[in-house]
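Got your viewer ready? Load the model, switch on cartoon view with sticks for side chains, and follow along stop by stop.

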Amino acid sequence: MANFMRDSVVKYACSCGILNPISKLFFCRHCPNLRCGFCVCHEVDSHFCSNCLENIPSSEVRHKKNCCASCFDCPCCQNTLSPRATTVIVSRKPEESDSDSSKGDSSKVITKKMYYLSCLACRWTSRDVGIPDQVVATGAWPENECAYQTRFNALSEYYQAVVQQDRKEKQEYLRRKAPRSHKFPSLTNRTGLTVSIIRRQMGWSDKNTQKAKPVNIAPSQQIDDVGELPDAIFTEGINLRNITSIKQRHNQPSEQPFDISKLYPQRRCMWIKRSLRCRQCEHNVIKPEYHPTSVKYRIQLFASYHVPDVLLVKCEQPLQPGQLNSVILKLSNPTMHDMVIKIVDLPSIADNPSGKVTEEFKRFCSIKDTSLTGSNAMDSIKSLTGSSSLTGPSSLSGSSLIRQSFIYEEPRVVTQVVNCKLLPLEKAFTLNLRDDSKEFDEETQTQTEELKFIVWRKANKVLLRLNFIPQSDLKRYDEVYLGFSMLYTYVNTVTINPEKKEPTTHDLNCRVYIKVGQISKIN
């Protein structure tokens, strides 16, 4: 909590080489490795409005341009607008007044309930821009149509047709260029692939489809005469309260009004709930609940629930270059099993060549689509049909039914330079499991003989002392960074092998970098 609004002094190195605090990291139990925001795939689960909490399907969201139909934002302060009710006196119609006078009611006016939009933060109302009051509170508010909306729609349709035509021409060119190893593929409908789908997957043009041609539209014309500035702009004073800010203009990109009297309410943008998936094993790391009102998770594999948490307590002495110093670190075990932890020095470049790390990380971060190559497709078709007659020149061994895409995330070298030498601990120590009941236990713990570097221990927490020596070439006010590798045991309750249902123990390793402080006045 001391670093809630500041940058954390303790950072962990992800498997891709990016430094992040433990609160921004995830842990995949199937790999098992640390994952950051670049090591996972982001998938949109649902769209909802943060004001009315309405859950909307993805197809409807695209139709509504990612905006809610009943909620509006204030154009001045971007807060949510609230409908306010008011009574309006309306005169009766002549035929209604005649019928009421015959019944004995001689009043000629009636009161009617109307609604308008108001901002509770800046007191902006829809009446300021001349929007008439509505009979209902939601669903009937007029929108400020863009003057160039027709032109935008025509350009969008034109470029969509151009892209579609270019794609078909490219497929036709590749089809003509590729050698034909077979002429009539022996695939039937019982394999689940129709002829039309097979032709499209193999890059052949469908016989029933018609070539879409771009519709000719009028090109844009350049105007040389843009007009002159009015004379009043140089003589009259400017009231900054009536001029819109840059943020207000960007919120209305179609008009970009200069005067605040032309600001119209904007529909509230949709929010999303997203799930995160590991790039190596493609298992979910984060999976939220589907309902918008729920803040719980179905799957929440945050690193703070599986990796030992390291906190910097204090530095015992002022930092001096070339002199022995020590820091007090607090380690916590968030799991329900004991951990054996050992702190060693960071590995050198000779121990872990960069080429090996690059190839391993490319293999981890490759996203493979669930696609079928030619040989895999034939194997699956043979298993379905039970026939071995699909071999020979008419096979699909040289073709690809679905394009296979790979996304590589290049590993990044840790840019943080460690400018002090760590004195590793001579032995490993055990960190007890997490037990919430021990937090309220008033019984005194039995005195046991601890290792020399352990200062204090209680429940699943321990304080230890790490000795280090800053480099002798450091100057005053230079930051001192300490780095070490933390080897720990992790008990994985998720069993990958169905035959072995017992939890498995893994020996894991993570790199930790700590900003100890600045070099004080050199004696």
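Select C28 and C281 and show their sulfur atoms. In this predicted model, the sulfur of C28 has its closest cysteine sulfur in C281, at 3.3 Å. A disulfide here requires the two sulfurs to be within 2.5 Å, so the distance of 3.3 Å is too far for a bond. Now put a surface on C28: is this residue buried or exposed? C28 counts as buried, because its relative accessibility is 1%.

Next, pick C14 and C39. A search of the whole structure finds zero disulfides, and C14 is accordingly in none. For C14, the nearest cysteine sulfur is that of C39, 3.4 Å away. C14 also counts as buried, with 1% relative accessibility.

Now colour residues 10-13, which make up strand β1, and residues 504-518, which make up β22. How do these two strands pair? They run in the antiparallel sense and are joined over three bridges. To find a bridge, select K11: its partner in β22 is Y513.

Zoom out to take in the whole sheet. It is open, has six strands with antiparallel pairing, and follows the order β2-β1-β22-β21-β16-β18. Select 19-20 for β2 and 429-431 for β18: these are the edge strands, each pairing on one side only.

For the last stop, select L229, in the loop between α4 (195-201) and α5 (232-235). L229 is exposed, because its relative accessible area is 55%. Add I233 and F234 to the selection, and you have a nonpolar surface patch: the three residues together have about 350 Å² of accessible area.

Terms used:
Residues numbered from 1 in each chain as written. Predicted model: local features only at pLDDT ≥ 70, side-chain atom pairs only at ≥ 80, totals over all residues. Heavy atoms only, no water. Patch = residues over 30% accessible without salt bridge, like charges linked within 9 Å, V, L, I, M, F, W, Y side chains within 5 Å. Areas by Shrake-Rupley, 256 points an atom, 1.4 Å probe, with all protein chains shown as cover. Salt bridge = Lys/Arg side-chain N within 4 Å of Asp/Glu carboxyl O. Helix = DSSP H or I, 4+ residues; strand = E, 2+ residues; numbered from the N terminus. Buried < 20%, exposed > 50% of the residue type's maximum accessible area, 1.4 Å probe, protein only. Pairing = 2+ DSSP bridges.
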